[in-house]
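Colleague: Got a minute to walk me through this fold before I head back to the bench?

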Amino acid sequence: MVEKMIEQTVWRHLQVWWTPMQIERIMGKQGIRGPTYKFLFGNTKEISKKKANSLCSPMDLSHDIFPRIMPHIYSWINTYGNIFLFWNGSRAELVVTQPELVKELFNNNHTYPRTVADDKYFRKLTGDSIVACEGEKWVKRRKVANQAFHSENLKNMTPAMIESVKMMLERWRNHEGRELDVYEEFRQLTAEVISRTVFGSSYEVGEQVLQMLTKLAIIVTRNAYNIRLPSISDLFKNGDEIESDKIEKEIREVILQIIKKREKVVVDEQIFGSDFLGLLWKARHDSSGGNIMSVDQIIDECKIFYGAGQGSTAALLSWTILLLAIHFDWQANARDEVLKVIGQQQPNSDDLPRLRTMNMIIHESLRLYPPVPSSERKAKKGARLGKLILPANIKVFVPILALHRDPKIWGEDAHLFKPERFTEGIVGATKNNLAAFLPFIMGPRTCVGMNFAINETKIALSMILQRYAFTLSPNYIHSPILTMNLRPEHGVQVLLHAL
Ligand code: HEM
């Protein structure tokens, strides 16, 4: 037994030396360079140091956040160009920033599947959900999710979104003429909206799940570039592993309770419900043989919808309010449009596509502060990207933030807030390079909740603009940070003026 373990450990250590050498040689021959591989740790120590330096203090109120959020990628692009190789431990990651290659990557789901399965912490967030699976299994999950967010279903969700925003604005009455942290408000709002529209459950349950998911997300981020020796990690669990196991179990318990309640309604009354949970139950009910969705899979699916849908939309709303609080002219333009299109009424789903100025503002906010600022894929055997032949299993990393700042596409004023870029839509703004603007990525695995998020954002912004003007509080600290989502570390404090 001990001999076998020693043999395995020696073999693994040989692999983490030999394989990187091979990959560096193969990619080097094709003209791809990058920081040199360091035994076992790759470039992770350098990455952690660069990140610690860039995040040690807040920044000026500028939108030039790429060097702060991804200092390693930023500095290596400057040294090695817009395609290069780096080492996350002994794992090679090819960084790609040319829109034409990025488009090829995201459109070829079979050759470049998602990479979640390899990251044990991230896996605790995703479980066996739509985000983590591939092939036939993914196709089935995606079908259910597409159905849940189909335009008719989205329309039916509008009243619940409006109700949730109304509840939030009721709270705001106590803050009129005073300071308010909108990030905290939007965190609650988006939790409420997901709970009501997707699971037909209460805010309290949603808040419980979200608090646990946030803790888990912090552990995932902390360990993104943390390498453990293979032999040690096999034998002992560290503090984060124990803690994340515990949180995973707790989340499971809370969601199981929501599911059990629905199960009772399904069994007693044969009513599934038209929300996402109802559709999952129906999919379970309709499937046969070995394809039936287990309760654990339903739990994972619910968990990922809370996780994927809440933080990202809260971040989008917060960054947009920050931008409008600084750019008072655009705040006034957006309000004029809302009053013209909707007046003082409640918004309805037909009004939302007519809010064109607001659409431009939201796009510019997503460009400057994409809540999901990067994405990864894994190359299958025989993968070719442009003229490159990639070794099997190499990761391909797309820093969306870099694409959104490329002066060749966006001009020398790429760091400035200029919603007018989007006057002719995304095609006009990107000069037909659609892969240069990827807040929801593109291709078959594009964000399934995109229209849900945009509708929620438009409803919330419209109802806020109808009632309030806002300016940035002197207490606001500009400290964008990445913990799963790109979010304001210390919130977004504004001064609220009732109209
Ligand atoms: C502003 C808000 C949002 C942003 C910026 C955003 C962004 C993204 C991005 C970039 C991806 C692709 C990730 C990748 O493949 O690497 C994604 C996937 C996904 N998003 Fe969103 N998202 C948002 C809101 C939502 C909402 C509201 C939901 C659901 C309620 C949602 C559910 C999902 C799911 C389930 C996937 C995985 C799809 C698949 O793999 O087929 N997202 N999102």
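Modeller: Sure, ask away about overall build first and then one strand and its partners.

Colleague: How many helices and strands are there?
Modeller: Bear in mind that this is a predicted model. Strands number 11 here, and the helices come to 20.

Colleague: What radius of gyration does the protein have, and why does that agree with a compact globule?
Modeller: The protein has 499 residues, and for that length a compact globule would have a radius near 23 Å. The model agrees with that, because its own radius of gyration is 23 Å.

Colleague: What share of the residues is buried?
Modeller: Buried here means under 20% relative accessible area. Out of the 499 residues in the protein, the buried share is 53%.

Colleague: Is strand β2 mostly covered or uncovered?
Modeller: β2 takes in residues 91-96. Of its 6 residues, 5 are buried, so with buried meaning under 20% relative accessible area, the strand is mostly covered.

Colleague: Which residue in β2 stands opposite L85?
Modeller: Strand β1, residues 83-88, runs antiparallel to β2, and 6 bridges join the two. They form a hairpin with 2 residues between them, and G89 in the turn has a positive phi of about 65 degrees. Opposite L85, in β2, stands L94.

Colleague: Which residue in β7 is the bridge partner of E93?
Modeller: β2 also pairs with strand β7, residues 395-399, this time in the parallel sense. That pairing has 3 bridges. In β7, the partner of E93 is K395.

Technical notes. Residues numbered from 1 in each chain as written. Predicted model: local features only at pLDDT ≥ 70, side-chain atom pairs only at ≥ 80, totals over all residues. Heavy atoms only, no water. Helix = DSSP H or I, 4+ residues; strand = E, 2+ residues; numbered from the N terminus. Rg over C-alpha atoms; globule rule 2.2 N^0.38 Å. Buried < 20%, exposed > 50% of the residue type's maximum accessible area, 1.4 Å probe, protein only. Pairing = 2+ DSSP bridges.
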